[in-house]
Amino acid sequence: IDTDHFYPRSITEQKAIGEKYGLLPKNYFIFLSNIEPRKNILPLLDAYQQFADTTKSKAPLLLIGGMGWNNGDIMNKITTLKAAGYNVILPEKYVPDEDLPALLSGAIALTHPAIYEGFGMPILEAIACDTPIIVGNNTSIPEVVGPEYEEYVDVTNPEAICARMMALYSSPSTVNKTLASRVSIFTWTNAK
């Protein structure tokens with residue numbers, strides 16, 4: 001990870017990026033990956049719907065990512081939720097890399113419920129930005145997050161994802177020191 005780029009951004013930067021995307025700092029969840037089935041987005045959308053219904057919150061779910069394969073059901077669900085008044089945001093334009101650290105820093109949490117994951121770079125980027133994560137204990141994710149992480153959720157269960165979203169929404173948090181120490185493991189220096 002490039003910690004010269006991914007680090008906690010100031011509230012000023014969070015507000016500026018929020019204005020660009022119509023967001024308030026610490027009042028949205030973010031997903032950052034391809035929009036495709038292996039990223040388990042349908043259960044995330046179900047969890048977000050439950051979260052919004054339960055809390056009556058308008059805190060958005062910001063979905064950032066390229067269009068992947070076989071995503072028709074996902075796009076239909078997004079359209080249905082938006083038509084019903086849920087605050088799901090899928091930017092129509094490419095989100096530049098330089099915007100990502102402030103977007104991650106300003107989020108309540110990164111929601112990354114992938115079922116199949118090659119590595120999980122967005123997870124590490126969120127941790128570097130001091131942003132809590134909502135992830136499962138599956139595929140390569142424990143290699144990134146570490147086996148001692150105590151907040152893994154069952155990513156196949158929308159209720160479990162929703163419960164973690166509600167917990168972080170009602171009690172904003174930062175990344176604990178043990179989890180934050182994972183960032184220093186994944187550097188180019190250590191990869192040599």
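This is a selection-by-selection tour of a predicted model, starting in the main core and ending in two loops.

**Stop 1: the largest nonpolar core**

Start with Ile30, Leu103, Ile123, Ile133 and Val145. Within the largest nonpolar core, which has 34 residues, these five touch the most other members. Now colour the elements that feed this core: helix H1 (11–21), strand S1 (29–32), strand S2 (61–64), helix H4 (100–106), H5, S5 and H6 each put in at least two residues. Which of them gives the largest share? Pick H5, which supplies five residues.

As background, nonpolar side chains in soluble globular proteins tend to be buried together.

Stay in this region and centre on leucine 103. Skip anything up to four places away in sequence, and the residues it touches are Ile17, Tyr21, Leu23, Tyr28, Ile30, Leu62, Ile64 and Val95.

**Stop 2: leucine 110 in strand S4**

Jump to leucine 110, which sits in strand S4 (residues 109–112). Is this residue buried or exposed? Its relative accessible area is 0%, so leucine 110 is buried. Show what surrounds it, leaving out neighbours within four places in sequence: leucine 110 is in contact with Ile30, Phe31, Leu32, Leu104, Pro122, Ile123, Ala126, Thr131, Pro132, Ile133 and Ile134.

For a distance label, go from leucine 110 to alanine 126. These two are 16 residues apart along the chain, and their C-alpha atoms are separated by 6.6 Å.

**Stop 3: glutamate 13 on helix H1**

Next, select glutamate 13 in helix H1. Its relative accessible area is 33%, which makes glutamate 13 partly exposed. Add alanine 102 and draw the C-alpha to C-alpha line: 6.1 Å, for a pair 89 residues apart along the chain.

**Stop 4: H2 against H7**

Hide the rest and keep helix H2 (residues 41–55) with helix H7 (residues 158–170). Their axes come within 8 Å and cross at roughly 50°. That angle is why H2 counts as oblique to H7. What is the handedness of the crossing? H2 and H7 cross in a right-handed sense.

Turn on side chains to see who meets whom:

- From H2, select Pro43, Leu44, Asp46, Ala47, Tyr48, Gln50, Phe51, Thr54 and Thr55.
- From H7, the partners are Pro158, Glu159, Ile161, Cys162, Met165, Met166 and Tyr169.

Colour this H2–H7 contact by residue class and you get 11 nonpolar, three polar and two charged residues.

**Stop 5: H2 against H3**

Keep H2 on screen and swap H7 for helix H3 (residues 72–83). Here the axes are 9 Å apart and the packing angle is about 15°, so H2 is roughly parallel to H3. This crossing of H2 past H3 is left-handed.

Side chains again:

- On the H2 side are Ile41, Leu42, Leu45, Asp46 and Gln49.
- On the H3 side are Asp73, Ile74, Lys77, Ile78 and Leu81.

By class, the H2–H3 contact comes out as six nonpolar, one polar and three charged residues. Asp46 is worth a label here: it meets H3 residues and is also listed in the contact with H7.

**Stop 6: glutamine 49**

Zoom in on glutamine 49, still in helix H2. With 23% relative accessibility, glutamine 49 counts as partly exposed. What is it in contact with, leaving aside neighbours within four places in sequence? Select Lys77, Leu81 and Tyr86. For a longer stretch of the ruler, bring in proline 25: glutamine 49 and proline 25 are 24 residues apart in sequence and 21 Å apart in space, C-alpha to C-alpha.

**Stop 7: two positive phi values**

Finish in the loops, with backbone torsions displayed.

Aspartate 130 comes up in the loop between helix H5 (121–128) and strand S5 (133–135). Its phi is near 65°, a positive value in a residue other than glycine. At a relative accessible area of 26%, aspartate 130 is partly exposed.

Then move along to threonine 139, in the loop between S5 and helix H6 (141–145). Phi here is near 45°, again positive in a residue that is not glycine. Threonine 139 is partly exposed too, with a relative accessible area of 36%.

Technical notes. Residues numbered from 1 in each chain as written. Predicted model: local features only at pLDDT ≥ 70, side-chain atom pairs only at ≥ 80, totals over all residues. Heavy atoms only, no water. Helix = DSSP H or I, 4+ residues; strand = E, 2+ residues; numbered from the N terminus. Buried < 20%, exposed > 50% of the residue type's maximum accessible area, 1.4 Å probe, protein only. Axes fitted to C-alpha atoms, helices over the stretch in contact; angles between N-to-C directions. Parallel < 35°, antiparallel > 145°, perpendicular 65-115°, else oblique. Left-handed = near helix turned anticlockwise from the far one by under 90°. Contact = heavy atoms within 4.5 Å. Nonpolar A, V, L, I, M, F, W, Y, C, P; charged D, E, K, R; others polar. Core = buried A, V, L, I, M, F, W, Y, C linked by side-chain atoms within 4.5 Å.
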